[in-house]
Amino acid sequence: MELVPISLKEANFFVARHHRHHKPVTGHKFSVAAAVNGEIVGVAIVGRPVSRYLDDGWTLEVNRLCTDGTRNACSFLYSACWRCARNMGYKKLITYILDTENGASLKSSGWKCVGQAGGKCWTGVRRPEVDLCPAQLKLRFEIEEEK
């Protein structure tokens with residue numbers, strides 16, 4: 001497996017075709033892909049944290065990670081995202097998974113679960129007509145520079 005650059009447009013196309021429950025994103029800081037024999041088997045899209053409370057200028061978020069099921073592609077991409085973010089000067093990388101997922105690929109890449117996060121759905125006047133993500137609790141995982 002090798003790490004290859006990918007545009008946001010190409011990464012979003014992969015997400016649209018393969019992601020189980022999320023749609024493409026509108027922006028990013030960077031995207032990377034995993035390839036086997038020149039064929040893209042997974043993508044990761046990294047951007048600013050969705051939560052404004054976590055957007056401190058030193059933290060990025062893996063907003064989408066999607067594979068075609070290739071073994072170890074998720075762990076490969078999570079590790080690559082942390083290397084890229086760290087090399088760009090960021091101190092922390094976060095992501096969220098559904099609370100029904102086990103997080104094995106994150107744990108094997110050195111990420112730590114910091115607990116439940118977020119509610120089940122959007123509320124208030126700005127609530128979208130259609131839920132943008134599954135209506136269930138999430139788990140937040142983080143990896144950061146050792147202090």
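1. In this predicted model, the protein chain exposes about 8,900 Å². Carbon and sulfur atoms supply 50% of that exposed area.

2. Turning from the surface to the interior, the protein chain has 147 residues, and buried residues make up 39% of them.

3. The secondary structure of the protein chain consists of three helices and seven strands. Read from the N terminus, these elements follow the order β-α-β-β-β-α-β-α-β-β. The chain therefore begins with a strand and ends its series of elements with two strands in succession, as that order of DSSP runs shows.

4. The contacts of the protein chain may be considered next. Among those between residues at least 6 apart in sequence, 63% join residues at least 24 apart.

5. How many disulfides does the structure hold? The number is zero. C66 takes part in no disulfide, and the nearest cysteine sulfur, that of C74, lies 8.4 Å away. Likewise, C74 is in no disulfide, with the sulfur of C66 as its nearest cysteine sulfur at 8.4 Å. A disulfide requires a pair of cysteine sulfur atoms within 2.5 Å, so the separation of 8.4 Å between C66 and C74 does not qualify.

6. Are these two cysteines buried or exposed? C66 is buried, with a relative accessible area of 3%. C74 has 25% relative accessibility and counts as partly exposed. The cut-off explains the two labels: buried means under 20% relative accessible area, and partly exposed extends from there up to the exposed class, which is over 50%.

Note on methods. Residues are numbered from 1 along each chain as its sequence is written. This is a predicted model: local features need pLDDT of at least 70, side-chain atom pairs count only at pLDDT 80 or more; totals for chains, interfaces and linings use all residues. Side-chain values use heavy atoms; hydrogens and water are left out. Buried means under 20% relative accessible area, exposed over 50%, partly exposed in between (1.4 Å probe, protein chains only). Helices (H or I, at least four residues) and strands (E, at least two) are DSSP runs, numbered from the N terminus. Contact means heavy atoms within 4.5 Å. Accessible areas come from the Shrake-Rupley method with a 1.4 Å probe; for residues, only the protein chains shown count as cover.
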